[in-house]
Amino acid sequence: MDAVQSNLGGVKVKVCGLIQYLNLYGVAIGYTIAASISMMAIKRSNCFHESGGKNPCHMSSNPYMIMFGIAEIILSQIPDLDQIWWLAIVAAVMSFTCSSIGLGLGIAQVAANRTFKGSLTGISIGMVTQTQKIWRSFQALGDIAFAYSYSIILIEIQDTIKSPPSEAKTMKKATLISIAVATKWPNNQFITKETKIPIPVFGPYSLNLFRLVWRTSFVISTTVISMLLPFFNNIVGIVGALGFWPLTVYFPIEMYIAQKKVPRWSTRWICLQLLSISCLVISLAAAAGSVAGVILDLKVYKPFKTRY
């Protein structure tokens with residue numbers, strides 16, 4: 001959002017901020033559902049092996065979502081979480097591992113089939129119609145677009161802070177200003193006061209009531225919505241469609257045009273606009289497919305009673 005403010009300004013900043021925060025909220029919901037399904041898959045796999053395949057091993061994802069939410073609440077209270085150097089390494093290793101597993105499974109499946117079976121209408125599976133296959137293909141585009149969720153913070157990372165003053169001092173000032181703008185109570189003890197709580201071995205912990213209440217409320221709300229709408233592929237597709245075009249394509253292209261002063265109707269300008277329009281069409285198709293999937297799932301859906 002800061003990059004858009006610097007290059008474009010005006011109402012585009014507000015639009016970018018709205019989409020960015022909605023996308024962050026949606027990503028939190030998507031990861032909560034993904035984490036619960038992953039944990040449940042391990043549990044079901046063990047159940048299948050123990051029963052010799054005789055037990056269908058149906059179970060609810062709600063307990064796993066609650067467990068993940070509790071873990072998030074605990075981790076969210078770590079002060080200066082963004083300053084933990086090893087966290088970025090762990091995240092990078094996990095992302096690379098997941099991508100490698102997906103790529104490996106895809107290659108193994110193609111090797112087993114000895115041919116590519118994919119097409120827009122898919123392959124024949126049970127009573128699934130060609131129309132449903134096309135919707136699911138569009139939904140898959142949204143799932144792929146969801147992988148670009150890192151783009152919402154990529155520009156912020158690249159927009160490095162100059163020194164001096166130190167990054168810590170700059171970020172502290174920026175945080176205070178943002179709180180003042182958002183709440184109008186920058187000197188409120190509830191927001192600024194930190195209480196030192198001694199913890200054996202680890203040393204004193206700085207408890208901030210505002211951080212405790214705000215971050216806990218955020219996690220609880222995303223967890224409850226995840227339990228209400230546990231349709232992983234559909235939710236991921238909608239989130240991906242929502243954030244992909246504006247945050248990954250439109251605003252970066254517009255900022256590039258503004259920075260480089262690309263003339264309107266020049267060859268470069270036309271090519272960039274065609275790229276933007278093409279990605280918009282993909283996002284709309286992904287959103288349509290994901291919404292259609294949600295509508296189908298809602299026909300047999302009962303709140304907080306989803307079982308796999």
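The following dialogue walks a newcomer through some features of a predicted model.

Visitor: How many helices and strands are there in the protein chain, and in what order do the elements run?

Guide: The predicted model shows 11 helices and 2 strands in the protein chain. Read from the N terminus on, the elements run α-α-α-α-α-α-α-α-β-β-α-α-α, and of the 308 residues of the chain, 29% count as buried.

Visitor: Which strands are joined by bridges, and do they run parallel or antiparallel?

Guide: Strand β1, covering residues 194–199, and strand β2, covering residues 203–208, run antiparallel and are joined by 6 bridges. To follow individual partners across the pair, begin with Ile197, whose bridge partner in β2 is Tyr205, and then look at Lys196, whose partner in β2 is Ser206.

Visitor: What should I look for in the hairpin of β1 and β2?

Guide: The hairpin has 3 residues between the strands, and Val201 takes a positive phi near 75° there.

Visitor: Which residues make up the largest nonpolar core?

Guide: The general idea is that in soluble globular proteins, nonpolar side chains tend to be buried together. In this model the largest nonpolar core has 10 residues in all, namely Val27, Ile29, Ile33, Met65, Met227, Phe231, Ile235, Val239, Val294 and Tyr301. The elements that give two or more residues to this core are α2, spanning 11–51, and α10, spanning 232–260, and the largest share, 3 residues, comes from α2.

Visitor: Which residues make a nonpolar patch on the surface?

Guide: Trp85, Trp86, Leu87, Ile89, Val90, Val93 and Met94 make a nonpolar surface patch of about 730 Å². One of these residues, Trp85, lies in helix α4, which covers residues 85–113.

Visitor: Why does Trp85 count as exposed?

Guide: Trp85 counts as exposed because its relative accessibility is 65%, and the exposed class takes in residues over 50%.

Visitor: How many salt bridges does the count come to, and which side chains meet in one?

Guide: As a general idea, side chains of opposite charge can pair when their charged atoms come close. Here the count comes to 1 salt bridge, in which the side chains of Glu254 and Lys12 meet at 3.7 Å, N to O. Glu254 lies in helix α10 and Lys12 in helix α2, so this pair ties together parts that are 242 residues apart in sequence.

Visitor: Are Glu254 and Lys12 buried or exposed?

Guide: Glu254 counts as buried, because its relative accessibility is 15%, whereas Lys12, at 27%, counts as partly exposed. The cut-off that matters for this step is 20%, since buried means under that value.

Visitor: How many aromatic pairs does the count come to, and which rings are linked into a cluster?

Guide: The count comes to 4 aromatic pairs. Among them, Trp245 and Tyr250 form a tilted pair, with 5.1 Å centre to centre and 35° between the planes. Tyr250 is partly exposed, with a relative accessible area of 21%. Another tilted pair is formed by Trp265 and Trp269, at 4.9 Å centre to centre and with 55° between the planes. Within that pair, Trp265 is exposed, with a relative accessible area of 64%, while Trp269 counts as buried at 12% relative accessibility. As for the cluster, ring pairs link Trp245, Tyr250 and Phe251.

Visitor: How far apart in sequence and in space are Ala258 and Asn7?

Guide: For such a question it helps to read the sequence and the space side by side. Ala258 and Asn7 are 251 residues apart in sequence, and their C-alpha atoms are 6.6 Å apart in space. Ala258 lies in helix α10 and is partly exposed, with a relative accessible area of 33%.

Visitor: What are the corresponding values for Ser278 and Val249?

Guide: Ser278 and Val249 are 29 residues apart in sequence and 10.0 Å apart in space, taken from C-alpha to C-alpha. Ser278 has its place in helix α11, which covers residues 267–298, and with a relative accessible area of 40% this serine is partly exposed.

Terms used. Residues numbered from 1 in each chain as written. Predicted model: local features only at pLDDT ≥ 70, side-chain atom pairs only at ≥ 80, totals over all residues. Heavy atoms only, no water. Patch = residues over 30% accessible without salt bridge, like charges linked within 9 Å, V, L, I, M, F, W, Y side chains within 5 Å. Areas by Shrake-Rupley, 256 points an atom, 1.4 Å probe, with all protein chains shown as cover. Salt bridge = Lys/Arg side-chain N within 4 Å of Asp/Glu carboxyl O. Helix = DSSP H or I, 4+ residues; strand = E, 2+ residues; numbered from the N terminus. Buried < 20%, exposed > 50% of the residue type's maximum accessible area, 1.4 Å probe, protein only. Pairing = 2+ DSSP bridges. Phe/Tyr/Trp six-rings, centres within 6.5 Å; stacked < 30°, edge-to-face > 60°. Core = buried A, V, L, I, M, F, W, Y, C linked by side-chain atoms within 4.5 Å.
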